[in-house]
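Trainee: Please take me closely through the nonpolar core of this model and the parts around it. I would like the cut-offs stated as you go.

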Amino acid sequence: MHLKSRIGRGESGTLETERGTLYVSKPYRSKSNKSFRAMMAFVPRKSHFDLSNAASGNDEFRGFFALFWISMFILAIRTYVISFEQTGEPLSLGFASMFSRHATTLALSDAAMVLSTILFCVPFATSLKHGWMRYNYFALALQHTFQTALLATTVIWTYNRQWPWVQSGFLTLHTLVMMMKVHSYLAHNGYLSVLSKEAAVIESNLRKATVQVGGWEKALLEAEECREFQTISTESSIGTPSVILPEDATKTYYNGPAPAVLKNRLLAAADAVPKESLAGKSSPLPHTEHAPHPLIYHPDHKISKLAQELTEVETDLVSTGPQNVRWPENVGWANYFDYLLVPSLVYDIEYPRTDRIRPLYILEKTAATFGTFTLLYVLYVKITAHSILPFTPTPDQSFFRALLDLSLPFMLSYLLLFYLIFECICNAFAELSRFADRQFYEDWWNATSLDEFARKWNKPVHVFLLRHVYASAISAHRLSRGWATFWTFLLSAAVHELVMIIVTKKFRMYLFMMQMIQLPLIALGRLPAIKRNRIMGNIVFWIGLYAGFPLLCVAYCAY
């Protein structure tokens with residue numbers, strides 16, 4: 001594989017490969033050791049079940065996908081026929097009335113919540129842009145105060161309204177989504193504002209250092225002479241060039257373990273994804289290499305080192321896409337509205353984009369959304385009414401019989417909800433915003449462990465937790481990887497339990513405990529004897545997933 005672009009330490013950009021263009025997002029920089037950790041990558045790619053995905057279209061198991069939907073269609077038709085024979089109508093709409101209750105109040109509440117984020121985030125970022133407040137102190141406290149107030153207001157409002165579980169769950173989940181978007185937007189712009197001030201300080205020190213060698217212009221001429229001499233020496237010799245840059249500068253900019261590992265992972269990912277699935281109708285971001293500061297070639301070690309530091313900081317401040325946006329040019333109302341439409345919980349200055357919006361594709365995903373919702377409604381009205389409600393557990397009922405009766409209906413509902421959210425809705429918003437990275441999930445159905453399932457089934461949330469919780473715990477709070485993992489699971493479990501409290505109006509902590517118990521199970525699954533048997537691992541995963549949903553129903557309904 002021919003590698004056209006080179007990624008150095010602290011540099012982000014694109015990898016041109018034979019299978020497509022891979023776009024690497026901005027890495028986060030650790031203040032403690034000056035190392036760079038690339039936390040995520042936005043790559044032009046399509047979701048697994050997208051009909052235009054060439055890789056999935058050539059999969060040898062693609063017939064099972066068609067078989068599933070044909071089976072669901074037959075199930076729906078059978079349900080309509082039975083309902084018509086028993087009640088004289090194809091499907092009762094009584095259950096639908098629950099979805100339409102308090103619709104106006106819910107819509108106004110949701111609109112007010114979203115509007116509050118707009119009115120807070122853009123002025124906040126604008127204040128950072130103009131230097132009216134520092135992010136490390138007052139602004140950071142203000143950000144967390146707003147996020148806490150937003151969640152508390154939603155929880156109190158939803159709980160006191162005594163809405164049905166559909167309305168309560170929707171507003172709570174949408175608020176959590178907006179909280180993650182808000183946090184990423186403010187944290188990333190805050191980080192770049194700190195970095196911008198750091199760049200100004202480094203540039204000032206660099207200009208002061210050049211005074212000792214005769215001034216800025218003379219330093220540039222000397223650096224250019226050294227660069228030209230180094231180029232000639234490199235072309236005329238084999239091996240080490242005659243002129244060697246200071247060790248800090250060369251190793252920091254051109255080498256470094258983190259970018260090397262990232263490059264290898266991206267190249268491996270490119271080998272696994274066909275060219276058609278990367279390109280398609282998308283417009284991969286062309287490589288816009290950030291040129292190093294000319295003074296990194298200066299023979300004076302101090303000047304060269306300062307120029308290297310300035311290059312690294314400037315690389316973080318400028319996007320690698322075709323627009324070549326530099327912070328704070330991204331700050332504004334239009335950019336934030338665009339970010340709201342992008343189906344990503346992680347903010348970046350510039351995303352990979354498709355060439356155009358395809359109306360037929362939006363029509364396809366809209367039809368798929370309503371079709372999947374109709375099947376889901378059939379499940380809730382008939383399958384749920386005949387398989388879940390009659391078997392809703394009570395304290396005097398057989399525990400294992402309840403699990404057996406509820407396992408299949410809950411699994412079908414879960415699969416339809418997964419397809420509705422991550423394949424239909426996310427892809428529709430991606431098309432509207434021309435967002436090219438459509439990998440909202442991976443092949444979680446092949447998972448052999450709980451941690452693999454957690455990484456693959458919900459990629460937007462996983463990437464958010466990876467960047468803003470796990471990495472932040474390591475870099476900012478000096479936690480080890482083990483404790484950072486524990487903190488990430490603890491926060492995730494607490495948020496999930498909060499949703500259950502609002503929906504069920506019960507404080508039981510069952511879901512919280514079930515999520516936290518995954519930590520020792522994950523450690524157990526990493527044992528070599530268990531990890532080698534992938535088939536057995538996948539079987540255990542599916543059994544656990546089948547048992548998990550009815551177990552929660554039994555726990556919250558009966559106890």
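Mentor: A nonpolar core is here a set of buried Ala, Val, Leu, Ile, Met, Phe, Trp, Tyr and Cys residues joined through side-chain atoms within 4.5 Å. Buried means under 20% relative accessible area, exposed means over 50%, and partly exposed covers what lies in between, with a 1.4 Å probe and protein chains only. The model is predicted, so local features need pLDDT of at least 70 and side-chain atom pairs count only at pLDDT 80 or more, whereas totals for chains, interfaces and linings use all residues. Residues are numbered from 1 along each chain as its sequence is written, and side-chain values use heavy atoms, with hydrogens and water left out.

First, the setting. The protein has 21 helices and 6 strands; both are DSSP runs numbered from the N terminus, helices being H or I over at least four residues and strands E over at least two. Of its 559 residues, 47% count as buried. The protein exposes about 28000 Å², of which carbon and sulfur atoms supply 65%, the areas coming from the Shrake-Rupley method with a 1.4 Å probe and, for residues, with only the protein chains shown counting as cover. Contact means heavy atoms within 4.5 Å, and among the contacts with a separation of 6 or more, 75% join residues 24 or more positions apart.

Now the core itself. The largest nonpolar core has 65 residues, and those with the most contacts inside it are Phe 124, Tyr 185, Leu 206, Leu 295, Tyr 336 and Trp 444. The elements giving two or more residues to this core are α4 (103-130), α5, α6, α7 (216-236), α11 (301-317), α12 (333-341), α14 (399-433) and α21 (534-558), and the largest share, 13 residues, comes from α6. Leu 206, leaving aside its neighbours within four places in sequence, is in contact with Trp 216, His 293, Leu 295, Ile 303, Leu 306, Ala 307 and Leu 310. Apart from this core lies another, of 12 residues, including Trp 69, Met 72, Leu 375 and Tyr 419.

Because α6 gives the largest share of the core, its packing deserves attention. Helix α5 (residues 135-161) and helix α6 (residues 165-211) pack at an angle of about 175 degrees, with their axes 10 Å apart; axes are lines fitted to C-alpha atoms, for helices over the stretch in contact, and angles run from 0 to 180 degrees between N-to-C directions. That makes α5 roughly antiparallel to α6, on a scale where angles under 35 degrees count as roughly parallel, over 145 as roughly antiparallel, 65 to 115 as roughly perpendicular and the rest as oblique. The residues of this contact divide into 13 nonpolar, 12 polar and no charged, where Ala, Val, Leu, Ile, Met, Phe, Trp, Tyr, Cys and Pro count as nonpolar, Asp, Glu, Lys and Arg as charged, and the others, Gly among them, as polar.

Two residues of α6 show what a polar side chain can meet in this region. Thr 172 lies in helix α6 and counts as buried at 1% relative accessibility; beyond its neighbours within four places in sequence, Thr 172 is in contact with Thr 154, Thr 158, Val 499 and Ile 502. Ser 184 is also found in helix α6 and is buried at 0% relative accessibility. Not counting residues up to four places away in sequence, Ser 184 touches Tyr 339, Leu 345, Val 346, Tyr 347, Phe 464 and His 468. The C-alpha atoms of Ser 184 and Phe 464 are separated by 7.8 Å, although the two are 280 residues apart along the chain.

Turning to the surrounding loops, His 298 sits in the loop between β5 (282-283) and α11, and is buried with a relative accessible area of 2%. Its contacts, without the neighbours within four places in sequence, are Val 213, Ala 219, Glu 222, Ala 223, Ile 303 and Ser 304. His 298 and Glu 222 are 76 residues apart in sequence and 6.3 Å apart in space, C-alpha to C-alpha.

The loop between α11 and α12 calls for a check of backbone geometry. Most residues other than glycine have a negative phi, and most peptide bonds are trans. Asn 324, found in that loop, has a positive phi of about 55 degrees although it is not a glycine, and is partly exposed, with a relative accessible area of 40%. Pro 328 lies in the loop between α11 and α12 as well, and the peptide bond from Trp 327 to Pro 328 is cis, with omega near 10 degrees.
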